[in-house]
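Trainee: Can you show me how structural labels are earned? I want to see each value set against its cut-off.

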Amino acid sequence: MNTKYKKIFKTIVKNIVIFLTIYMLLMIFYNKNFKNYIINNMFYNKTYYKINNLKFLALNKSYLKINNIKNNNDKVYIKKENKPLVYIYNTYQTLFYSAPFVYEYTLKPNVMISSYMLKEELNKYNINSVVEGNNIEAYLKDNGLKLSDSYKISRLFMENELQKNKELKYFFDIQRSSLSIADTLLINNNKKYARITFIIGKNNTKYKDNYEEAIKINDLLNKEVNDLARGITYKGGKYAQGVYNQDFNRNVLLLEIGGSENEIEEVNNSIIVLSKVLSTYIKENNGKH
């Protein structure tokens with residue numbers, strides 16, 4: 001290559017580099033998703049993941065990334081104000097929701113995120129709660145147990161938490177449905193919601209007590225947003241789990257919020273309504289049962 005063409009080539013390369021630099025700077029300052037991607041991938045030790053204006057602080061081992069927790073004693077410690085009334089947990093912690101494109105670069109949202117969202121929203125109504133952060137799948141593996149033993153372990157963790165916080169009265173197991181988006185998506189006034197289903201285990205001899213509590217919340221939800229709650233689904237019989245720890249307390253309820261095709265924004269919209277309803281329900285029921 002002669003000198004003339006070398007100069008032309010260098011000029012082209014230089015211009016390309018300048019163009020790409022300017023392009024990246026513009027993207028960082030004007031494109032929120034791209035900026036989040038740069039921040040999330042460049043700052044390792046303390047990364048803030050912003051999900052619908054809710055920030056989760058990840059300190060090396062993010063509590064959102066459940067599979068990364070190796071020690072059974074690892075616990076999510078959340079500042080407690082006064083004494084908590086509500087215990088929020090996920091028997092199946094790694095059930096995922098659908099993720100928009102940006103999540104391919106960060107974290108795919110799972111049901112544990114919905115638990116922390118619910119905690120955050122309940123705080124707005126001065127209702128304190130505890131979210132279970134122990135890794136159930138890791139505990140099963142380390143103790144040679146099967147996935148079918150998950151409810152035994154979530155019950156164990158629930159009992160342990162109750163020993164520490166004896167004022168706990170309401171126990172919500174947050175999961176998501178396997179139904180299609182046609183059954184789990186509600187559009188009301190141009191706003192999208194993940195529909196909520198209550199699961200009641202008929203193998204529990206006192207299942208009617210749990211039903212009475214579930215139907216109260218179900219009806220309150222539908223008064224707030226029509227058809228947000230899908231009602232009560234009974235499960236039981238020889239081949240079904242059919243108890244879901246609901247024999248532990250009449251206020252142990254299993255809620256399926258949306259399905260695998262719902263996005264976390266839809267779930268968050270539902271949780272905002274759910275927290276409002278729960279605040280009414282809890283204040284009305286405090287002192288009963």
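Mentor: We will go through salt bridges, burial, cores and the sheet in turn.
Mentor: This is a predicted model, where local features need pLDDT of at least 70 and side-chain atom pairs count only at pLDDT 80 or more, while totals for chains, interfaces and linings use all residues. Residues are numbered from 1 along each chain as its sequence is written, and side-chain values use heavy atoms, with hydrogens and water left out.

Trainee: Why is the contact between lysine 83 and glutamate 167 called a salt bridge?
Mentor: A salt bridge needs a side-chain nitrogen of Lys or Arg within 4 Å of a carboxyl oxygen of Asp or Glu. Here the N to O distance is 3.6 Å, so the pair qualifies. Lysine 83 lies in the loop between β2 (54–59) and β3 (86–89), and glutamate 167 in the loop between α5 (150–164) and β5 (170–177), so the pair ties together parts 84 residues apart in sequence. Those element names come from DSSP runs, numbered from the N terminus: helices are H or I with at least four residues, strands are E with at least two.

Trainee: What makes lysine 83 exposed or buried?
Mentor: Buried means under 20% relative accessible area, exposed over 50%, and partly exposed in between (1.4 Å probe, protein chains only). Lysine 83 has 58%, so it is exposed. Glutamate 167 has 36%, so it is partly exposed.

Trainee: How many salt bridges are found in the whole structure?
Mentor: The search finds 11. One of them joins glutamate 159 to arginine 155, with the closest N and O atoms 3.4 Å apart. These two residues are 4 apart in helix α5, about one helical turn. Arginine 155 also meets aspartate 247 in a salt bridge, at 2.8 Å from N to O. Arginine 155 is in helix α5 and aspartate 247 is in the loop between β9 (229–235) and β10 (252–259), so this pair ties together parts 92 residues apart in sequence. Elsewhere, Asp209, Glu212, Glu213, Lys216 and Arg250 form one network through salt bridges that share partners.

Trainee: How do you know whether arginine 155 is buried, exposed or partly exposed?
Mentor: Its relative accessibility is 22%, so arginine 155 counts as partly exposed. Aspartate 247, at 43%, is partly exposed too. Glutamate 132 is another case: at 2% it counts as buried. Glutamate 132 sits in the loop between β4 and α4 (136–142).

Trainee: What makes a set of residues a nonpolar core?
Mentor: The members are buried Ala, Val, Leu, Ile, Met, Phe, Trp, Tyr and Cys residues, joined through side-chain atoms within 4.5 Å. The largest core has 41 residues; among those touching the most other members are Phe172, Leu255 and Leu274. Helix α8 (residues 264–285) gives the most to this core, with 9 residues. Leucine 274 is in contact (heavy atoms within 4.5 Å) with residues including Leu118, Ile196 and Ile217, leaving aside neighbours within four places in sequence. A second, separate core of 11 residues includes Val130 and Phe171.

Trainee: Why do such side chains gather?
Mentor: In soluble globular proteins, nonpolar side chains tend to be buried together.

Trainee: How do you know how much of α3 is enclosed?
Mentor: Of its 13 residues, 11 are buried, so α3 is largely enclosed by the rest of the structure. Tyr116 and Leu118 are among the buried ones.

Trainee: What span should α3 have as a helix?
Mentor: The expected span is 1.5 Å times one less than the number of residues. For the 13 residues of α3 that is 18 Å; the end C-alpha atoms are 19 Å apart, which agrees.

Trainee: Why are β4 and β9 called edge strands?
Mentor: Two strands pair if DSSP finds at least two bridges between them. The open sheet has 6 strands in the order β4-β3-β5-β10-β8-β9, with mixed pairing. β4 and β9 each have a single partner strand, so one side of each is left without a neighbour in the sheet.

Trainee: What makes β5 and β10 a pair?
Mentor: They are joined by 6 bridges against a minimum of two, so they pair, and they run parallel. Aspartate 173 has leucine 254 in β10 as its bridge partner.
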